[in-house]
Amino acid sequence: MIDLPDYRPRIPTSPARVGLVGAGAIARSAHLPAYAAWGIPVVAVASRTAESARALAADFGIGTVHTSVADLMADPSVQVVDIATGPTGRLELIEAAVRAGKHVLAQKPLSVDGSELPRLRQVLELARDRGLRVAVNQNARWAPAWRLATLLVRDGTIGEVVGVTHLHDKPLPPLAGTPFDDVPHMLLADYLVHWIDITRCWLEGSSAERVSAFDSRVPGQPDSARNPWHAGVEISTSSGASGSVRIVGDARTRSGGCPFWIHGTAGTLRGSVLLGSDFLELDHDGARAPFALQGQWFTDGFAGAMGELLSAIAEEREPENAADHVLASVRLGLAAVASAEAGGAPVHPSDLVLTSATRRAAAA
Ligand SMILES: NC(=O)c1ccc[n+]([C@@H]2O[C@H](COP(=O)([O-])OP(=O)(O)OC[C@H]3O[C@@H](n4cnc5c(N)ncnc54)[C@H](O)[C@@H]3O)[C@@H](O)[C@H]2O)c1
């Protein structure tokens with residue numbers, strides 16, 4: 001019988017106070033509902049337009065609306081800046097928060113432009129010097145089935161990980177006509193960030209040596225949808241263990257989910273996330289044992305990511321989702337995009353010289 005590790009979000013008893021930047025879709029649908037449910041205090045909000053910030057503040061009982069991001073950064077009641085904007089300008093917001101003496105939780109993807117990573121590293125160095133924590137909102141790490149799987153992998157329950165496999169058996173979110181459809185290789189660069197990140201977490205201990213990625217338009221895809229709807233990523237590591245992520249397209253199914261398998265030398269973890277499909281079972285010693293899971297990725301995962309940062313601040317340690325840790329996943333994502341640009345040719349993340357010009361050259 002396995003002792004069930006504590007996979008639920010952890011919130012410290014006196015959490016630091018949060019100021020939210022970006023009053024958009026994900027803040028309204030996930031950040032704030034999760035924080036309300038788990039008792040995380042949000043004291044101020046600012047966004048590009050004051051009206052959207054005011055509407056959010058009214059709906060979620062946030063006491064202060066700042067008319068500029070600079071005012072929120074200068075607000076002494078804000079201890080943690082929660083950045084819920086898109087990737088453009090995110091590095092500048094992280095830097096401004098650190099210079100203002102605030103801890104940071106930045107939405108994913110941490111970066112989609114390799115040329116900004118040297119500056120990001122400087123900002124992280126500055127944060128370290130000032131005793132500030134910069135974490136990334138890799139909320140899927142706290143999706144209940146993925147979090148419990150992570151803890152069981154860490155405990156060695158299935159021995160050494162041999163392979164990680166993910167399949168998308170669900171429709172894509174609406175992309176056509178949204179700004180996300182303007183991002184080149186959007187599925188690889190943005191949408192799959194969570195799947196690439198968790199795969200890398202489960203393969204931790206071996207280093208990713210080679211990434212191959214493909215994307216293509218699929219039968220039935222309308223012309224108005226600019227990005228390819230099929231995407232696949234293959235990751236090979238130094239130990240020979242591998243990872244695989246596959247989106248077939250906009251799957252037509254009423255009861256789908258995102259099944260995954262973690263095969264190890266001593267057992268298998270099998271599960272699924274999203275659309276209410278959530279489950280995890282351990283296949284070990286000739287028996288299959290399902291776990292009774294509580295919660296859902298949306299929105300408990302968001303409490304998990306913020307809770308980990310708040311706990312790290314309270315305990316004066318680095319959070320698991322520290323930007324420094326997430327950087328290795330960012331490199332895998334950049335390698336996936338470079339590989340897709342090169343028609344699926346393998347890219348070695350360690351060879352990536354992270355400037356826009358050399359990325360283009362590597363991909364040519
Ligand atoms: N599971 C997840 O973690 C998840 C899910 C969906 C979206 N996201 C990510 O969240 C981010 C935001 O997505 P969204 O759908 O909420 O976008 P959105 O466009 O609906 O919201 C972004 C908000 O930020 C504001 N904003 C942008 N730049 C700003 C700036 N410099 N200063 C102040 N306000 C600014 C915009 O005005 C807007 O209100 C994206 O990076 C996306 O990838 C994450």
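Two exercises on a predicted model follow, one on a sheet and its helices and one on the ligand.

**Exercise 1. The sheet**

Work out the strand order of the eight-stranded open sheet, and find which strands stand at its edges.

Solution.
1. The order is S8-S9-S10-S7-S11-S12-S13-S14, with mixed pairing.
2. Strand S8 (208–216) and strand S14 (287–291) each have a single partner strand, so one side of each lacks a neighbour in the sheet, and these two are the edges.
3. From one strand to the next, the twist averages 10°.
4. At the S14 edge, S14 runs antiparallel to strand S13 (residues 279–284), and five bridges join the two. Within this pair, Leu 280 is opposite Phe 291 of S14.
5. Helix H8 (residues 193–202) packs on the sheet and touches strands S7 (161–168), S9 (230–237), S10 (242–247) and S11 (258–264). The direction of H8 makes about 165° with that of S7.
6. Helix H10 (residues 323–341) lies across S8 and S9, at about 50° to S8.

**Exercise 2. The ligand**

Identify the residues that come nearest to the ligand, then list polar atoms of Arg 48, Thr 85 and His 194 with their distances to ligand atoms.

Solution.
1. There are 24 residues around the ligand; Ala 25, Ile 26, Arg 90, Lys 108 and Asn 139 come nearest.
2. A polar backbone atom of Arg 48 is 3.1 Å from a ligand nitrogen.
3. For Thr 85, a backbone N or O atom lies 3.5 Å from a ligand oxygen.
4. His 194 contributes a side-chain N or O atom, 3.0 Å from an oxygen atom of the ligand.
5. On its own the ligand has 850 Å² of accessible area, of which the protein covers 78%.

Terms used. Residues numbered from 1 in each chain as written. Predicted model: local features only at pLDDT ≥ 70, side-chain atom pairs only at ≥ 80, totals over all residues. Heavy atoms only, no water. Pairing = 2+ DSSP bridges. Helix = DSSP H or I, 4+ residues; strand = E, 2+ residues; numbered from the N terminus. Axes fitted to C-alpha atoms, helices over the stretch in contact; angles between N-to-C directions. Contact = heavy atoms within 4.5 Å. Near = heavy atom within 4 Å. Polar contact = N/O pair within 3.5 Å; in protein donor to acceptor, adjacent residues only side chain to side chain. Areas by Shrake-Rupley, 256 points an atom, 1.4 Å probe, with all protein chains shown as cover.
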